[in-house]
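Visitor: Could you take me on a close look at a single part of this model? I would like to hear about salt bridges and how they connect.

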Amino acid sequence: VVAVIGDGGFLMSGLELATAVREQIAITVVVFSDGAYGQIRDHQLMEYGRSHGVAIGSVPIEGVARALGCDFVRFSSMGSEPWVRSSGVLVVEVDLSDSRGMRAAQATAVMRGAARRVVGESLLRRLKRLLGT
């Protein structure tokens with residue numbers, strides 16, 4: 001069994017790993033680590049070009065995993081171990097950064113916000129209706 005979660009979700013539900021360890025359930029949990037509540041942040045960036053109140057900073061995923069009796073490995077752009085074996089609960093942390101697509105969406109949202117301020121919301125709505133978008 002493989003579970004996939006972000007570091008924000010791990011903060012909310014990571015202690016469930018204690019049950020998996022206690023019940024000796026072989027599971028791998030992949031934690032995508034970007035230092036934020038990712039889905040909320042991505043939505044804010046695409047809609048407004050900036051985010052607010054979603055940064056969670058550095059989450060001690062390794063410390064939590066090891067304290068609960070889990071095996072742990074971290075993968076990053078710097079490289080890591082190619083093979084990891086575990087007979088119990090394995091937590092895999094994957095360090096992330098923004099993709100090219102996310103940066104483009106953020107730039108589009110900034111431009112959209114500037115257009116709203118310059119043109120005005122009501123005129124922008126009328127233009128959208130005329131253009132059929």
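**The salt bridges around Glu 62**

Guide: Glu 62 has a relative accessibility of 28%, so this residue counts as partly exposed. Please keep in mind that the model is predicted.

Let us start inside one helix. The side chain of Glu 62 meets that of Arg 66 in a salt bridge, with 3.1 Å from N to O. Both residues belong to helix α4, which covers residues 61–67, and because they are four residues apart there, about one helical turn separates them. Arg 66 is partly exposed too, at a relative accessible area of 45%.

Glu 62 also reaches out of the helix: its side chain forms a salt bridge with that of Arg 74, at 3.6 Å from N to O. Arg 74 sits in strand β3 (residues 71–75) while Glu 62 sits in helix α4, so this pair ties together parts that are twelve residues apart in sequence. With 36% relative accessibility, Arg 74 is partly exposed.

From Arg 74 the path goes on to Glu 93, in a salt bridge whose closest N and O atoms are 3.1 Å apart. Glu 93 lies in strand β4 (residues 89–95) and Arg 74 in strand β3, so here the parts tied together are 19 residues apart in sequence. Glu 93 is buried, because its relative accessible area is 4% and buried means under 20%.

Put together, Glu 62, Arg 66, Arg 74 and Glu 93 form one network, joined by salt bridges that share partners. The structure as a whole holds four salt bridges.

Key: Residues numbered from 1 in each chain as written. Predicted model: local features only at pLDDT ≥ 70, side-chain atom pairs only at ≥ 80, totals over all residues. Heavy atoms only, no water. Helix = DSSP H or I, 4+ residues; strand = E, 2+ residues; numbered from the N terminus. Buried < 20%, exposed > 50% of the residue type's maximum accessible area, 1.4 Å probe, protein only.
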